[in-house]
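Me: I'd like to understand how the terms used for this model are earned, one at a time. Please show it first, and then start with the word "strand".

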Amino acid sequence: MKLTLRWLQEHLETTASLDEIVARLVMLGLEVESVVDRAKALAPFTVARVVSAEPHPDADRLRVCVVDIGRERVQVVCGAPNARAGMKGVFAPVGTTIPGTGLLLKKGVIRGVESNGMLVSEREMGLSDEHTGIIELPEDAPVGAPFAQVMGLDDPVLDVKVTPNRADCLGVRGIARDLAAAGLGTLKPLRTDPVPGEFKSPIGVHLAAMDERACPLFLGRYIRGVRNGPSPKWLQDRLRAIGLRPISALVDITNLLTFDLNRPLHVFDADKVDGDLVVREARKGERLLALNGKTYELEEGMTVIADSRGVESLGGVIGGEATGCTMETTNVFLEAALFDPVRTALTGRQLNLQTDARYRFERGLDPEFVRPGLEIATRLVLELCGGTPSEVYTAGAVPEWRRTIALRPDRVRTLAGAEVPEPETRRILATLGFGIGEAGTHLAVTPPPWRGDVEGEADLVEEVARVWGYDRIPAVPLVRETPLPKPALSPAQRRVGTVRRALAARGLVEAVTFSFMPAGQAALFGGGKPELAIANPISSDLDAMRPSILPNLLVAAQRNADRGIPNAALFEVGPQYEDDTPEGQREVAAGVRVGRTGPKHWADAGSPVDVFLAKADALAALAAAGAPVDNLQVTADPPAWYHPGRAGILRLGGKKLAVFGELHPAVLLKLDVKGPAVAFEVFLDALPPVKAKTRARPLLKMSPFQPVERDFAFVVDAQLPAENLLRAARGVDRNLVAEVRLFDVYHGKGLPEGKKSLAITVVLQPETATLTDEQIDAFSRKLVAQVAKATGGELRA
Amino acid sequence: MNDDLDKLRQDLLGQVRKAESLEALDEVRVGALGKKGRLTQLMRTLGQLEPEARKAFGAALNRVKDEIADAIEQATGRLRAAEIERRLEAERVDVTLPVKPEPQGRIHPISQATDELVAIFGEMGFEVAEGPHIEDDFYNFTALNIPPEHPARQEHDTFYLPERRDRTRKVLRTHTSPVQIRTMLNRKPPLRIIVPGRTFRADHDATHSPMFHQVEGLVIDRSTHMGHLKGCLEEFCRAFFDIDDLPLRFRPSYFPFTEPSAEVDIGCSRAGGELKLGNYGDWLEILGSGMVHPKVLQNCGYDPAEYQGFAFGMGIERIAMLKWGIPDLRTFYDSDLRWLRHYGFVPLEVPSMVGGLSR
C-alpha cells in the first residue's frame, strides 16, 4: 500500500516529521517497507528559462541556447525540437548524473560549440518514456527553484505493508486514523453529506443472488451529461506517485476512492447498459470480456452483475469491457456495493485474477461507508466532469455488523504483559473508533464497522497494546519449572544426533537435500507412487516425495566429481516417504561412498570403495544408535537398487534395521553416476526402543588368567556364508570363547573346485584356572567337530 | 709367575680393546672368565700352592679378574652405544613425508544450528517435539485458524499432493506450526516445546527455497504472557548470536494463529554494505511470534479462559546465515563438498550451554 506524505496529511492534522511518522507506523504494526524521497535524487535539477535559441552554425538540428538558471546564464547546445526562446525547462548542470540514463554529465564541445549542461526530457529525468522534446514547465515556474518542488515530486512516497487483518488500512485515511489514535495528530473531517438527486435513476438494480450475503447492499447513481477527459494534474500526480497510470477522470476517480478511502467503486457507461442490472450467481458457460482485455469463463458460485444482454461485471473483482467508460461517455451509472469476502476470494482464485478491488473485498470492507463513498465519488464526478446526479438507487441494506466484546481491563496486563492504566485502555479504544459500554467488572466494547477483524478479547488486547507500544512491555524471564533442566531430547531423538555425529566422525560429510526428487529417480528406488506425487511442483525434477535419500546423495556425489572432487563420502539423516501417512515418513541415516577410499598416496595405495566399507558404515551407525550389533543377522536379499550379489540386509529378529552394499550398475547408469558406488541405509525408527532401565552397567568380571589364541583353517563349500562358520565357532563354548576372528579367506590353488578356506583365530578366556594343554586340545577337537557338523567344513591339512 | 699374570692381563686387556662387536667381546669374556677361561683355569691352580703363595697370588689374580670384568663391562657399554648409533643412522627416514590423509567428516550447518537451538531452549525447559511433513489441511491450516478462504492461505505457496477419493488433498507442511496442534491434542498443559524441522513452500528464487527449516516454539500454561515471550526470545537471541547487548524490537503484526502478534527484529548495522549484528541502531527481522490465538486453543480442546501462552517461529537457515556469515540460502542444499567442508562443523563440536555453542 503506497501513499505520499502530503496525501497522508490531507487526512491527518499533524506536526510530526516524516521520520516520526515512519517510526510510529512501524510500531503500530504498519511496517514501512520503503520511503522514497524523489526530491533528494532530483535536487540538482532546477527551473531554467531559455533566453535565446539560435541555430547551431554547424548542425541543422541543434540549437545553441542561452539559459537563465537564476544565478547566471549558461550556454547549452540542445537537440530538442521544442527548445525555443522564452520557454521554461529543466536544467541539469555539469557534474550531475542523469536519472533516466545513469550517465554523468560533463562539460562538452558539440561540433565546435561549448555546452555547459543540458535541458532534459521526461525520459532523461526517469519520469516517463516521453522523449520527443524537453520538459516544458509552466510560465510561472520560478527560475532557479528545484524542479521537483515545482512538479510536486518532492513528496516522499511510503510503501506500507498492510497485514491481511488490517483491511481498514488499505486506504490512506485508515492509516491516518491509526496514527491519530497513536497521538500523532488529529483526523481531519471528511465531507460525506448526501448530494441531492435531481431525478430517479433510469437504471434499477435487483439483488437476485441465492444467498443474500453474496451482495447484501448495492447502491447506484445515474449521472447524466458528464464530460470525460484527462483528470486534473493533482489527481494524476497522486496516482502516478503510487505507481498507477492515469486513464480518464471517471476511472481515476474510482481509483482515488479505492486508495484514498478504501472504497472500490465501479462506473458503468450507462448508455451501454441494457435494461436494469441484476446481481446474481453466474451460470456455467457464461463469459466476460473484462476491462483488462481478457475473457473469463465463469463458474457457478461467482457473483456477477448482469443486464438483459448478459454478464457485464464480476462483483468485487473487475468490470466488463462492454459497459466500460471511454472518453466519449456522457451518461454513467456509479456502483458502490458490498460483496462477500469469501466468494470474492474464491472467484479471484478460480480465475487467477488479482485486482485492487478483489484485494479489498476479500479482506472485508466497512459496511457503513458504502453510502458516504458514493456521495464523495458523486461530488468528484460533478466537480471534474459536470453532469446531473440522480437519486441513489438502493438495493438491499447495510448488513448488521454491531457486536459486543467483553474486555476485562486486566487482560492487557495478564495477556500482553503491558501495565496500561484502565483510563488509557479506554482512551486508546475510543480513538480507534471502538464504542465502550460498562458491564460490571468488564467493558462492553463495540468495534467500529471498519474493523471486521476484531472478534474477541485478545484482539482488543492487541489494539490497546500496539497503540500503547510493544516497546513498553517489560521483558520477563521465562523461569524454568525445575532448578535443573530436564533433557530436551527423547532417547530416540538423542540417538539420531549420536548417529549423525558418529557417521561424520567416520569421515562422511553431512548433506541436507530436498525431500522431493524427480519421479523417474524415485521409481528406481521403490518410489513414484501416485499418492506421493507433488500436484504442483515448482519444477518437473522436484515432483515426487523421495522414497529413499540415496538418489539425492548419488547425484550430489556425481556433481562433486564433475567439479573435480572425486571420492565423495556423503550422508544425510532425514526422512524418506513410503506413503502419505505420518507413519509412512521414516527417519533414515543414509550414506554413499563413491570412487576410491582415498586419493593416491605414497603410504596407502587405497582401493575402490566396496560393499564392506558400506557395511562398516552401517554397523557403525547401528552401534552408535545402541543396537546390539553382535546379535544381528545378515541376509543377502537386498532391495532392487543394490547389486544382488554384493549387498545385504542387517536384521534383528527378522526386522530390517539396515541395508548396505554396492549400487546396482543399471541404477547408476540411469542416474548418470559413474561408479563404483556403495551405500547404506539405516532405519532409525526400526531400532528397538531405548529402554529407560537402570543406568548401572553389569558387573565387570576380569579374569586373572592368561587368554589363549588358537588358529584353525577350514575347507568349506565356496557358497557357505562365513557367518555360519563364525557362529558355529562362537557356539562351541560360550563361557570359554571370548572372540572369533576371521583372518583369511582363500580360494584357488591347492583347494578342490568349489571350495574355499576360511581361517579363524579363536580367543579362549578361562575364568577359573589357566588352561592346560589337554583342555586346549579337547576344546580344539570339539570345535573342529562342531564346525564340521554345522558347515560340513574340514580342517585344512 | 707375576710376570706371567701381568702378561696375561695385558693380553686380555688388549683383546678387550680390540673386540669390535658385542659377539667378539663375549668371546673374550668366555676366553677369560668362562668355565674354561684362562683366568678361571688359573683360579683352579690356586689349590696347589702353598698357603702364603696362594694368598698373595689369589689376591693378585682376583684384582686382574676384577679389572678384566670391569674392562669388559665398559667395552660392552661402548659397543652397545655404538651399535645403537649405527642402528639409528640406518633407521633414518624423511620426516617431511606427508602423512596419510584421513577423511574429514563434517556436520551440516543446519544440524549444528538445530543442536544449538536445542541446547539453548533446553536450558529454558523446552522439549523437542516433531511431526509429519505430509500434513492434513486441518493441522496445517484450519486448526491454526486459517479457514479455506483466508487471505493468509494465499501467502503460503502450498505444495499439494494429489486429490484423494474423499476430495481432500494432503499438503506439505508450510510451517512447523501444525506440530503445535498435534502436541496440544495429545498432551495436557503446561507445555514447553520447540519443533525444529523441514518446511515447504512452492517458491524458488535467490532468497527462497522450496524446502527450508523452521523452529517453532510453544509455551502453554496459566500465566505466560507477552513479557515472557520477550524475555524468552531476548535470552535466546543473545545466547545464539553470542552478543550480550543484542537489542530486540517487537513490532505488532498479524498471524492468524496468534493474537496479539509480533514480528521480532534484532539490532544490526548495514554500514558499508556489510551486515553486522549488534546494538547499532538498524533492525533486521528474524522471526514471527505472538500469544496463541484463543481459537487455536479451543481447536485443541484447551479452555482459553484457563490456559494461555506464546508461540514463535523462525527460519533455521536464516539464523545460521546470520550467525556464520553464509551468503546464499540455496547453497545449503547443493551438497557441494567445498561448501560443506568450509561451513560444516567437526563432529566432536557438540553444542551445549555450559560447554559453549559453536566456535
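Reply: Gladly! A strand is a DSSP run of E that holds at least two residues, and strands are numbered from the N terminus. Please keep in mind that this is a predicted model. In chain B, residues 258–269 form strand β8, and B:Pro260 has its place there. A run from 258 to 269 meets the minimum of two residues, so the name strand fits. Chain B has 11 strands, along with 12 helices.

Me: What is the peptide bond from B:Glu259 to B:Pro260, and what is its omega near?

Reply: That bond is cis, with omega near -5°. Chain A offers another example: a cis peptide bond joins A:Gly675 and A:Pro676, with omega about -5°. The setting of A:Pro676 is the loop between α18 (665–671) and β35 (677–683) of chain A, whereas B:Pro260 sits in strand β8 of chain B.

Me: What makes phi of A:Asn352 worth a look?

Reply: Phi is positive there, near 50°, and the residue is not glycine. You will find A:Asn352 in the loop between α8 and α9 (356–361) of chain A.

Me: Why is the pairing of A:Arg501 and B:Asp115 called a salt bridge?

Reply: The term asks for a side-chain nitrogen of Lys or Arg within 4 Å of a carboxyl oxygen of Asp or Glu. Here the N to O distance is 2.8 Å between the two side chains. An Arg and an Asp at 2.8 Å satisfy the 4 Å cut-off, so the name is earned. Between chain A and chain B the count is 7 salt bridges, and there are 39 residue pairs in polar contact.

Me: Which kinds of residue make up the side of chain A that touches chain B?

Reply: By class, that side has 50 nonpolar, 14 polar and 27 charged residues. As for contact, 91 residues of chain A meet 96 residues of chain B. The area buried between the two chains is about 7,400 Å², with 60% of it from carbon and sulfur atoms. On the chain A side, A:Leu478, A:Arg501 and A:Val512 lose the most area, together 11% of what that side buries. A:Arg501 is also the salt-bridge partner of B:Asp115.

Me: How do you know that chain B is not a compact globule?

Reply: Set the two values side by side. A compact globule of 359 residues would have a radius of gyration near 21 Å, but chain B has 43 Å. Its C-alpha atoms fill a box of roughly 130 × 55 × 45 Å. The domain assignment gives domain 1 (2–90) and domain 2 (109–343), and 91 Å separate the centres of these domains.

Me: And what does the globule rule give for chain A?

Reply: For 797 residues the rule gives a radius of gyration near 28 Å, while chain A has 42 Å. Chain A, too, departs from the compact-globule value. Along its principal axes the C-alpha trace spans about 125 × 85 × 60 Å, and the chain contains 20 helices and 39 strands.

Terms used:
Residues numbered from 1 in each chain as written. Chains lettered and ligands numbered in written order. Predicted model: local features only at pLDDT ≥ 70, side-chain atom pairs only at ≥ 80, totals over all residues. Heavy atoms only, no water. Contact = heavy atoms within 4.5 Å. Buried area = accessible area lost by both parts, 1.4 Å probe. Polar contact = N/O pair within 3.5 Å; in protein donor to acceptor, adjacent residues only side chain to side chain. Nonpolar A, V, L, I, M, F, W, Y, C, P; charged D, E, K, R; others polar. Domains from an automatic or database assignment. Helix = DSSP H or I, 4+ residues; strand = E, 2+ residues; numbered from the N terminus. Rg over C-alpha atoms; globule rule 2.2 N^0.38 Å.
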